[in-house]
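Let's take a walk through this one together, starting inside and working our way out. Have the sequence and the 3D view at hand.

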Amino acid sequence: MSDNQTMAAIAALVPAGSRVLDLGCGDGALLEYLQKERNCSGYGVELDDAKLLACARRGVNVLQMNLDRGLSIFADDSFDVVLQIDTFQHLHNAETMLQETVRVGRAGIIAFPNFAHWANRLSVLRGRMPVTRRMPYQWYDTPNIRVGTFKDFEILARKHQLRIRDAFGLRAGQPVRRLINLRATTAVFHLER
């Protein structure tokens with residue numbers, strides 16, 4: 001998620017000066033942005049070697065870890081905010097990682113492609129899996145293990161008795177607050193235990 005408007009919308013949920021853990025931080029762009037614009041500190045977690053190098057070049061502290069193995073190296077409430085931006089749909093243990101996110105952080109911010117966006121629905125209605133700017137892969141080469149919708153995640157959060165501090169969608173980096181499941185290409189949730 002490298003679009004500047006999208007990054008700013010996510011960053012606005014992170015209180016200034018927060019200690020942040022960014023799970024699946026990619027090239028570290030969001031964590032760098034949070035350090036510079038919101039005076040945050042913390043770590044990124046990434047598995048890919050090339051992305052780790054990109055983080056180091058940005059001056060972002062990064063740990064190489066496989067998130068499917070959990071976050072046992074972190075104590076409860078180690079961070080103010082734990083981010084999972086475009087990570088959730090890649091995890092084998094997504095439900096466990098949701099619980100881990102709010103265990104190691106006082107708050108969690110999770111964003112993922114909203115499969116219920118109207119263009120995706122239309123594509124499926126036509127008999128094809130969607131290929132969009134937001135989900136640019138064919139069904140056979142996608143890194144996504146699962147697809148989800150805004151409503152699906154809302155139900156999962158409530159199942160685990162998580163408090164939803166804020167929930168909205170994004171489309172072209174702009175917030176969507178009405179008919180979110182239909183209109184938003186990205187679902188965004190700000191959660192607490």
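What follows is a tour of the cores, a cysteine in a loop, and a patch on the surface.

Keep in mind that this is a predicted model. A good place to begin is the general rule: in soluble globular proteins, nonpolar side chains tend to be buried together. Here, the largest nonpolar core counts 30 residues, and the ones with the most contacts inside it are L21, L23, L71, L98, F153, F189 and L191. Who builds this core? At least two residues each come from strand 1 (19-23), strand 4 (79-85), helix 4 (94-104), strand 5 (105-113), helix 6 and strand 8 (186-192). Helix 4 is the top contributor to this core, with five residues.

Pick out F189 and look around. Leaving out residues up to four places away in sequence, F189 touches G108, I109, I110 and F112, along with F150, F153, E154, I164, D166 and A167. Apart from the largest core there's another one, made of 23 residues, including I10, L31, A111 and F168.

Now swing over to C40, in the loop that runs between helix 2 (29-38) and strand 2 (41-46). Is C40 buried or exposed? Its relative accessible area is 7%, and anything under 20% counts as buried, so C40 is buried. As for its surroundings, C40 touches V14, P15, G17, S18, V20, L34 and Q35, again not counting residues up to four places away in sequence. R19 sits 21 residues from C40 in sequence, yet the C-alpha atoms of the two are 5.8 Å apart.

Time to head for the surface. W118, L122, L125, L179 and L182 form a nonpolar patch there, and together they have about 530 Å² of accessible area. Helix 5 (residues 118-125) brings the largest share of the patch, three residues. Zoom in on L125, which belongs to helix 5. With a relative accessible area of 75%, L125 is past the 50% cut-off and therefore exposed.

From helix 5, follow the chain into the loop leading to helix 6 (150-159), and you'll find M129 there. M129 has a relative accessible area of 43%, which lies between the 20% and 50% cut-offs, so M129 is partly exposed. Setting aside neighbours within four places in sequence, M129 is in contact with F115, S123 and W139. Y140 is 11 residues along the chain from M129, with 9.9 Å between their C-alpha atoms.

Terms used. Residues numbered from 1 in each chain as written. Predicted model: local features only at pLDDT ≥ 70, side-chain atom pairs only at ≥ 80, totals over all residues. Heavy atoms only, no water. Patch = residues over 30% accessible without salt bridge, like charges linked within 9 Å, V, L, I, M, F, W, Y side chains within 5 Å. Areas by Shrake-Rupley, 256 points an atom, 1.4 Å probe, with all protein chains shown as cover. Salt bridge = Lys/Arg side-chain N within 4 Å of Asp/Glu carboxyl O. Helix = DSSP H or I, 4+ residues; strand = E, 2+ residues; numbered from the N terminus. Buried < 20%, exposed > 50% of the residue type's maximum accessible area, 1.4 Å probe, protein only. Contact = heavy atoms within 4.5 Å. Core = buried A, V, L, I, M, F, W, Y, C linked by side-chain atoms within 4.5 Å.
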